Amino acid sequence: MAKKPAPNAVALVSERRLWDRMMAMAEIGAIPGNGVNRACLSKEDIRARRLLLTWARNLKLDAEVDPIGNLFLRRRGTDATLDPVCAGSHMDSQPQGGRFDGIYGVLAVLEAFEALEAAGITTRRPIELVAWTNEEGGRYAPGAMGSMVHAGLRRLDEFLDLTDKDGIRLGDALAETLAAEPWIPRRPLGRSYAAYLEPHIEQGPRLEAEGKTIGVVTGIQGSRWFTVTVTGETAHAGAAPMRGRKDAVQDALRIIAALNELMADPTDTARFTVGRINVSPNTPNSVASSVQFSIDFRHPDRAELLRRGDAIAALAGRAVRDCTVAVAENFHVMPCAFDPLVVDAVQNAAEGLGLSWMRMPSGAFHDAQFMQPLCPTGMIFVPCRKGISHNVAEYAEPAHLAAGTQVLVGALLDLANR
Ligand code: GLV
Ligand code: MN
Ligand code: MN
């Protein structure tokens, strides 16, 4: 039998307040077409953090920030000696991103705090809202940097000297972000958590297609990111004979064609994307001296993720004709299965509220994937229109966002009272 979550707190989730806050956040970094460009550690990110802190003021939360800028807002429990339950997501967006990816998870937890407060409920364990730094990886790759560093899977100093397209060091952007709220006490990386829970829009079409309101997320497929650098030699486009050219664009095309064959999958399970291409000198009348492009490869099966991913470098070496090529891997995460403790808490909450739900894996990666080795972890998905995401047209229904938040309240009451 599914346990009924405390109905008074669930009923106090305000669809209106949540939606209004979502829309207010969407104004920070708004771009044409109803989209958002809120790069991590940018001026817009600083403004979003400040707005979140302003809304949190009435809730008597304890703010803390860790060395990579992950922001925590703790709601005290009755027993301060117990490990907290952590819940949240990210506030940064893709350069042409939508209004819901990431920020929904942060504001859903804030709304859950509002509902608990209005219901006069104090849980046994503290609950920490987290807003992770740089989940998207659009300004500084790879994504999920904040959670990876927090969980001890990568070191902060590996990333400090990365530069964005304008030459700004990550270390400098981070220092500016931290300096904007100098009053927030610092905390070290990592800690022991009782559980981690992340609400998010699905970013795919399944919930909408199946007419379900809640996705009970069972795990996340694996991802590997690579940077391929093809080095040739620039020459005059009109004068240099075709024979003897070292044209980096032509060799990059040969590599991408070979990769398309490697990644071909009649079952449409593998995901392979070349999303960024930088060409130098990038003029119409010069042969390209170098091309750098990204590979984002994902697969739910560990063996396939390893087999195809491990084949990339050698295949690129064989595919080039006139240039040299170097392949570097900068992100590698295995498929993960979430813990039944959290998965069941989400399912029970959805069931107890009479919401339609289905169990499903995630195609996108999330900070939850990097918390999973640290503590029992899970996610709540809500539908997004036509599955459109990483796109200015991203849209989720206010009622679905509120339903996901109600499930969150139910699951938090369960996990934080254990
Ligand atoms: C997250 O933004 C992803 O690319 O899956
Ligand atoms: Mn996201
Ligand atoms: Mn995203």
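**Note on ligand 1, the manganese site and the overall fold**

1. In this predicted model, a backbone N or O atom of F365 sits 2.8 Å from an oxygen atom of ligand 1. That is a polar contact, meaning a pair of N or O atoms within 3.5 Å; inside the protein, one atom must be able to donate a hydrogen and the other to accept it, and residues adjacent in sequence count only if both atoms are side-chain atoms. The side chain of R298 has an N or O atom 2.7 Å from an oxygen atom of ligand 1. For H390, a polar side-chain atom lies 3.3 Å from an oxygen atom of ligand 1. The protein covers 93% of the 190 Å² of accessible area that ligand 1 has on its own (Shrake-Rupley method, 1.4 Å probe; for residues, only the protein chains shown count as cover).

2. The residues around ligand 1 are E135, E136, R298, A364, F365 and H390, where a residue is near a molecule or strand if one of its heavy atoms lies within 4 Å of it. By class, this shell has two nonpolar, one polar and three charged residues. Ala, Val, Leu, Ile, Met, Phe, Trp, Tyr, Cys and Pro count as nonpolar, Asp, Glu, Lys and Arg as charged, and the others, Gly among them, as polar.

3. The manganese ion (ligand 2) has the protein donors H90 (NE2), D101 (OD) and H200 (NE2), at 2.0 to 2.3 Å. Donors are N, O and S atoms within 2.8 Å of the metal (3.2 Å for Na, K and Ca); water is not among the atoms, so sites may look incomplete. Along the chain, the donors of ligand 2 have the spacing H-x10-D-x98-H. D101 also bridges to the manganese ion (ligand 3), and the two ions lie 3.5 Å apart.

4. H90 is in strand 5 (residues 85-90) and D101 in the loop between strand 5 and helix 4 (103-119), so the pair ties together parts that are eleven residues apart in sequence. H90 is buried at 0% relative accessible area, and D101 is buried at 7%. Buried means under 20%, exposed over 50%, and partly exposed in between (1.4 Å probe, protein chains only).

5. The protein has twelve helices and 16 strands; these are DSSP runs numbered from the N terminus, helices being H or I of at least four residues and strands E of at least two. Buried residues make up 56% of the 418 residues.

6. Residues are numbered from 1 along each chain as its sequence is written, with chains lettered from A and ligands numbered from 1 in the order written. Local features need pLDDT of at least 70 and side-chain atom pairs count only at pLDDT 80 or more, while totals for chains, interfaces and linings use all residues; side-chain values use heavy atoms, leaving out hydrogens and water.
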